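Here are a few friendly notes to help you find your way around. Please keep the view open beside you as you read.

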Amino acid sequence: MKQSFAPSLSRVQRGFTLIELMIAIAIIGILVGIAVPTYQDSVRKSRRGQAKADLVQIAQGMERYYTEGNTYVGADLSKIWGPNLQSPSKGTSRYTISFKAATTASTFVLQAVPVSGAGQDKDKCGTLTIDNVGRKTPSDSGKEDCWNMN
């Protein structure tokens, strides 16, 4: 009878080595490092979209006010503000919407200022404005897309 001296396969390796675990953690870290800022940017962009919509709706209300009285003087955001919007002092809760300066008989400028500490103050567009002729800011170099749909 021959005896076989082949190595025993009774010890089966189970689990991960430390190197495999570190590689997996590094890959997850890289993915999270890319995904989280992209997600946060998308959230800021959607909140900016709501602020833009609110500004345009209020500007339309200002035009209705002008049509009725032939002046913007005396316009009150709390009365112009639509019933489906939040209080103008709170804006969209990430922006405060107000007049940038006093209204005149023929002009107004509305602004949406990002609320500090709400995360929206990191938005690249900053304060958004719209006036009585539809000029929208910011419109400087690098921020042309702040009012676009992209």
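1. A good place to start is helix 1, which covers residues 18-69 and so has 52 residues by the DSSP assignment. From first C-alpha to last it reaches 76 Å, close to the 76 Å expected at 1.5 Å a residue. Please bear in mind that this is a predicted model.

2. Which residues of helix 1 are buried? Among them are Val43, Arg44, Arg48, Ala51, Leu55, Ile58 and Met62. The cover over the buried residues of helix 1 includes helix 2 (77-80), as well as strand 1 (95-99), strand 2 (109-114) and strand 3 (128-131).

3. Now look at the surface. Phe16, Leu18, Leu21, Met22 and Ile25 make a nonpolar patch of about 580 Å². Leu21 has its place in helix 1, and it counts as partly exposed because its relative accessible area is 42%, between the limits of 20% and 50%.

4. Just after helix 1 comes Asn70, with a positive phi near 60°.

5. Ser116 sits in the loop between strand 2 and strand 3. Is Ser116 buried or exposed? Its relative accessibility is 61%, so Ser116 counts as exposed. The C-alpha atoms of Ser116 and Arg94 are separated by 8.3 Å, and the two residues are 22 apart along the chain.

6. Finally, a word on confidence. The protein has a mean pLDDT of 82, with 79% of its residues at 70 or more. Over residues 87-91, however, the pLDDT is below 50, and this stretch has 11 contacts in the model beyond near neighbours in sequence.

Methods
Residues are numbered from 1 along each chain as its sequence is written. This is a predicted model: local features need pLDDT of at least 70, side-chain atom pairs count only at pLDDT 80 or more; totals for chains, interfaces and linings use all residues. Side-chain values use heavy atoms; hydrogens and water are left out. Helices (H or I, at least four residues) and strands (E, at least two) are DSSP runs, numbered from the N terminus. The expected span of a helix is 1.5 Å times one less than its number of residues. Buried means under 20% relative accessible area, exposed over 50%, partly exposed in between (1.4 Å probe, protein chains only). Contact means heavy atoms within 4.5 Å. pLDDT is the predictor's confidence in each residue, from 0 to 100. Patches are made of residues with over 30% relative accessible area and no salt bridge: like charges are joined within 9 Å, nonpolar side chains (Val, Leu, Ile, Met, Phe, Trp, Tyr) within 5 Å. Accessible areas come from the Shrake-Rupley method with a 1.4 Å probe; for residues, only the protein chains shown count as cover. A salt bridge is a side-chain nitrogen of Lys or Arg within 4 Å of a carboxyl oxygen of Asp or Glu.
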